[in-house]
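Got the viewer open? Here is a tour, one selection at a time, from the whole chain down to single residues.

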Amino acid sequence: FGSLLGLVISGFSAVPVWKGISPMAEKQGTRVFSEKLTVKDTPVITGSPYSIPFDAEGVNVADKFLVNSGVVETFIADLKYAERLGIAPTGNASRGYSSLPGPSFTGIEVNPGSETHESIISAIKKGIVAHQFIGLGQSNTITGDFSASMDLAYLVEDGKITGRVKDCMISGNIIQLLAGGIELSSDRERKGSSILPWLWLPQVNITG
C-alpha cells in the first residue's frame, strides 16, 4: 500500500501543482477518492525517529490533511512554492548539505478502517495478498497508472491463503482504484516514516 500510495501523494507536492502537471492541481475541495480514505502528513509521530519540530527553513510543523474523507484538502510547500501558489508555508521544506530547500513529506498517516486485515482476507473469494513489488518505479507517477510484478505475494482462495504466487503482475490506475469500493484495515503498521493500514482493492487487474 505504501508503494502505491507514493504514486498518489507525489501529486500533493506544490512543485507539480504549480507546474500544472499534478492530477491534484485545481482539485482542492473536490472529492477525488473514496470517502473511506483519509491521508495526513504527520511530522510528529510518537516513538518515530523521523519526527521533527520544524522544517529545513525553520517553519514550525503541524499535522495537515492531504485527503480528508476522500476530499483533496492540502498541498505541501516550502517558502518558495508557498509564495508561488499563494498559500501559507506548511513546514515541509527539506534539504541536503549541498542542495537548496524543496517540498518534502514528513510522516504519512492513513486513517484505519473498521475490520482487521484477517477479516478482510477471509471475505475474499479469490485474490492476492501482495507484500512486495518489482518494477513499480517504472509506473507513470503523474497519471497514477501503474504496473508491477510480484516479488512476494500469496494466493487467496475462499478466504484462506493457499500458496505463493509467482510470475504474476498487477496493474491499473491507483487514483481511480482509490475512488472505488476500497476497504482499509483497522490494524496498521509502521513502514519507515509512515503508518499504514492494509488496503483491499477489488478491481485491480491481475495477469499471469
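What follows starts with the overall picture and then moves through the core to a handful of individual stops.

**Whole chain**

Before you click anything, keep in mind that this is a predicted model. Colour by secondary structure, and you should find five helices and 13 strands. The radius of gyration is 18 Å, close to the 17 Å that the globule rule gives for 208 residues, so the protein is as compact as a globular protein of that length. Switch to the C-alpha trace and line the view up with the principal axes: the span is about 55 × 35 × 35 Å.

Now turn on contacts. Of those with a separation of 6 or more, 65% are between residues 24 or more positions apart. Colour by burial next, and 41% of the 208 residues come up as buried. With a surface on, about 10800 Å² is exposed, and carbon and sulfur atoms supply 50% of that area. For the charges, select the 17 positive and 20 negative side chains; the centres of the two sets lie 3 Å apart.

**Into the core**

Which residues have the most contacts inside the largest nonpolar core? Select Leu5, Phe12, Phe33, Val39 and Ile174 to see them; the core has 37 residues in total. To see where the core draws from, highlight α1 (2–9), β2 (64–68), β6 (108–110), β8 (145–157) and α5 (174–177), each of which supplies at least two of its residues. The largest share, five residues, comes from α1.

Stay in the core and centre on Phe33. Setting aside residues up to four places away in sequence, Phe33 touches Val8, Phe12, Met24, Val67, Gly70, Val72, Ile175, Leu178 and Ala179. There is also a second, separate core of five residues, and Ala14, Ala77, Tyr81 and Ala82 are among them.

**A stop in β7**

Jump to Val129 in strand β7, which covers residues 126–134. Is Val129 buried or exposed? Its relative accessibility is 8%, and the cut-off for buried is under 20%, so Val129 counts as buried. Show its surroundings, leaving out neighbours within four places in sequence, and you get contacts with Ile121, Leu152, Ala153, Tyr154, Val156 and Trp198. Then draw a distance from Val129 to Pro49: they are 80 residues apart in sequence, and their C-alpha atoms are 29 Å apart in space.

**Two positive phi angles**

Head for the loop between β2 and β3 (71–72), where Ser69 sits. Ser69 is not a glycine, yet its phi is positive, at about 55 degrees. With a relative accessibility of 30%, Ser69 counts as partly exposed.

Next, select Asp158 in the loop between β8 and β9 (160–164). Here too a residue that is not a glycine has a positive phi, about 50 degrees for Asp158. Asp158 is exposed, at 53% relative accessible area.

**Two distances to draw**

Find Ser98 in the loop between β4 (93–94) and β5 (102–103). Ser98 counts as exposed, at 62% relative accessibility. How many ångströms separate the C-alpha atoms of Ser98 and Pro112? Draw the line and you should read 38 Å, for a pair 14 residues apart along the chain.

For the last selection, go to Asp145 in strand β8. Asp145 is partly exposed, with a relative accessible area of 38%. Connect Asp145 to Gly172: this pair is 27 residues apart in sequence, with C-alpha atoms 5.8 Å apart in space.

Note on methods
Residues numbered from 1 in each chain as written. Predicted model: local features only at pLDDT ≥ 70, side-chain atom pairs only at ≥ 80, totals over all residues. Heavy atoms only, no water. Helix = DSSP H or I, 4+ residues; strand = E, 2+ residues; numbered from the N terminus. Rg over C-alpha atoms; globule rule 2.2 N^0.38 Å. Buried < 20%, exposed > 50% of the residue type's maximum accessible area, 1.4 Å probe, protein only. Contact = heavy atoms within 4.5 Å. Areas by Shrake-Rupley, 256 points an atom, 1.4 Å probe, with all protein chains shown as cover. Lys, Arg positive; Asp, Glu negative; His and termini not counted. Charge placed at Lys NZ, Arg CZ, Asp CG, Glu CD. Core = buried A, V, L, I, M, F, W, Y, C linked by side-chain atoms within 4.5 Å.
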